[in-house]
Amino acid sequence: MDISEKAHQGSLRFRYIKLCIFFSGLSVFAQLYLFQPILPMAAEHFNVSVGDTSLLVSSSTIGMALGLLFFAFKADSYSRKKLMVFSLISSALLTIMSTWIPSLGILIAIGVFKGFVVSGVSAVALAYLTEEVQTTAVAAAISMYLSGNTIGGMSGRILATLLAGEFGWRNAVLIIGIESLILGVIFWKMFPESRFFIPQKTDYHQKVKQMKSFLTNPYMLRLYFIAALLMGVFVSVYNYLTFRLEDKPFSLSHFIIAFIFLMYIFGVFGTMIVGRLSKSYPANNILKVSVLFMLAGALLLLSENIFILISGLGLFTLSFFAAHTMASQMTALYAKRGKSSATSIYWLFYYFGSSILGSGTGYLLHAFSWNIFIAILMICIVLALLLATANRPVKR
């Protein structure tokens with residue numbers, strides 16, 4: 001088809017794409033991290049350790065990583081829209097179902113399955129945008145998708161905290177599941193079908209060849225490890241910040257802590273800012289500066305002054321989403337062929353980083369202290385900065 005028919009900024013099709021892709025991010029991330037702010041409640045309810053309860057979050061991200069590995073091979077066999085609709089509806093039903101599960105072990109298992117099915121959205125969303133949207137509008141569309149991820153993560157955490165405090169954590173899970181189901185139905189009715197992609201039988205030999213080429217490409221491999229390190233650090237902070245703020249010297253109430261997650265709104269600013277800057281400055285320069293600011297934000301998290309800590313959290317959050325936006329955009333645009341494979345590998349590293357560091361650092365925090373915990377996270381950020389500094393695009 002004529003590429004001039006691709007959705008352009010200002011067109012009705014582009015507006016529908018932006019709105020629905022925003023809703024998809026909203027639903028996915030509201031569900032994926034809804035347990036994060038209520039981990040202390042879950043730890044008390046099931047009488048387990050901090051590290052053990054973190055598996056309620058990590059189980060979903062592990063499932064997401066496994067799903068992305070599966071969809072790296074199978075995503076191109078399905079309609080982009082049908083796959084995303086299935087993922088959104090089925091994950092919402094699993095979230096609703098988890099409300100009545102009495103066992104922590106079964107709840108963790110459902111989390112793995114939910115992460116697996118919802119991975120269908122992440123596996124093809126970036127590929128869909130680069131296929132269906134004009135090149136000049138891709139950055140704006142990706143920024144809208146990642147803004148949905150950000151607001152979804154924020155609203156899920158705030159709603160979960162407030163609802164859990166008022167109605168109990170199980171009812172909080174139920175309400176967020178119903179909200180996600182409604183978003184999934186809206187997406188089903190409004191999201192435009194693909195015009196520039198036709199499902200095709202998977203050529204496994206070709207798929208393995210594509211994935212091998214990405215995994216042996218230094219430019220792409222560095223982006224993948226940057227995603228793993230930064231996401232692992234980000235999830236670690238938000239996993240255990242509630243424990244830190246409930247403890248001395250802060251001793252904040254559950255109600256007040258809920259609004260700390262409003263810092264997520266800075267993530268929206270981060271995606272919007274780099275979306276604009278990417279039109280004027282080299283993408284890798286923006287990535288390096290974003291990672292550097294993330295390091296500065298992490299340093300401020302060592303403070304025992306609540307205002308300095310909150311300021312650091314805002315800078316840390318803004319910088320993470322700015323870096324993530326640039327790294328994911330660079331991945332999608334660099335892959336001339338096999339876009340779904342390239343982006344699936346990106347998300348695979350992203351969620352494995354979330355799972356491994358997100359749970360592993362919980363045991364470190366339990367064994368040592370908050371300061372040691374933050375110091376280890378800062379080392380991870382420095383490694384990501386070194387990778388970004390070494391990452392110069394190569395000619396293809």
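Isoleucine 286 is found in helix H13, which covers residues 283–300. The coordinates considered here belong to a predicted model. With a relative accessibility of 9%, isoleucine 286 counts as buried, because buried means under 20%. Apart from neighbours within four places in sequence, isoleucine 286 is in contact with Val274, Leu277, Ser278, Tyr281 and Met326. Methionine 41, by comparison, stands 245 residues away from isoleucine 286 in sequence, and the two C-alpha atoms are 39 Å apart in space.

From this residue the view may be widened to the chain as a whole. The protein chain contains 16 helices and zero strands. Its C-alpha trace spans about 60 × 45 × 40 Å along the principal axes. The radius of gyration is 20 Å, which agrees with the value near 21 Å for a compact globule of 396 residues. Of the contacts between residues at least 6 apart in sequence, 85% join residues at least 24 apart.

The interior and the surface can be described next. Buried residues account for 60% of the 396 residues in the protein chain. The accessible surface comes to about 15700 Å², and 69% of that surface belongs to carbon and sulfur atoms. As for charge, the chain carries 29 positive and 14 negative side chains, and the centres of these two sets lie 12 Å apart.

Within the interior, the largest nonpolar core holds 127 residues, of which Leu287 and Tyr351 touch the most other members. Helix H10 (residues 218–246) gives the most to this core, contributing 19 residues. The surroundings of tyrosine 351 can be listed in detail: with neighbours within four places in sequence left aside, tyrosine 351 is in contact with Phe29, Leu32, Tyr33, Thr61, Met64, Ala65, Leu68, Ser122 and Met231.

Helix H6, residues 104–132, offers another point of entry, since isoleucine 108 is found in this helix. Isoleucine 108 has a relative accessibility of 19% and therefore counts as buried, the cut-off being under 20%. Not counting residues up to four places away in sequence, isoleucine 108 touches Leu55, Leu56 and Ser59. Alanine 342 is 234 residues from isoleucine 108 along the chain, and their C-alpha atoms are separated by 29 Å.

Two serine residues complete the description. Serine 98 is placed in the loop between helix H5 (80–97) and H6. Its relative accessibility is 5%, so serine 98 counts as buried. With neighbours within four places in sequence left aside, the contacts of serine 98 are Leu107, Ile110, Arg170 and Val173. Serine 328 lies in helix H14, which comprises residues 306–334. Its relative accessible area is 0%, so serine 328 is buried. Beyond its neighbours within four places in sequence, serine 328 is in contact with Leu126, Ile142, Leu146 and Tyr346.

Definitions and conventions: Residues numbered from 1 in each chain as written. Predicted model: local features only at pLDDT ≥ 70, side-chain atom pairs only at ≥ 80, totals over all residues. Heavy atoms only, no water. Core = buried A, V, L, I, M, F, W, Y, C linked by side-chain atoms within 4.5 Å. Buried < 20%, exposed > 50% of the residue type's maximum accessible area, 1.4 Å probe, protein only. Helix = DSSP H or I, 4+ residues; strand = E, 2+ residues; numbered from the N terminus. Contact = heavy atoms within 4.5 Å. Rg over C-alpha atoms; globule rule 2.2 N^0.38 Å. Areas by Shrake-Rupley, 256 points an atom, 1.4 Å probe, with all protein chains shown as cover. Lys, Arg positive; Asp, Glu negative; His and termini not counted. Charge placed at Lys NZ, Arg CZ, Asp CG, Glu CD.
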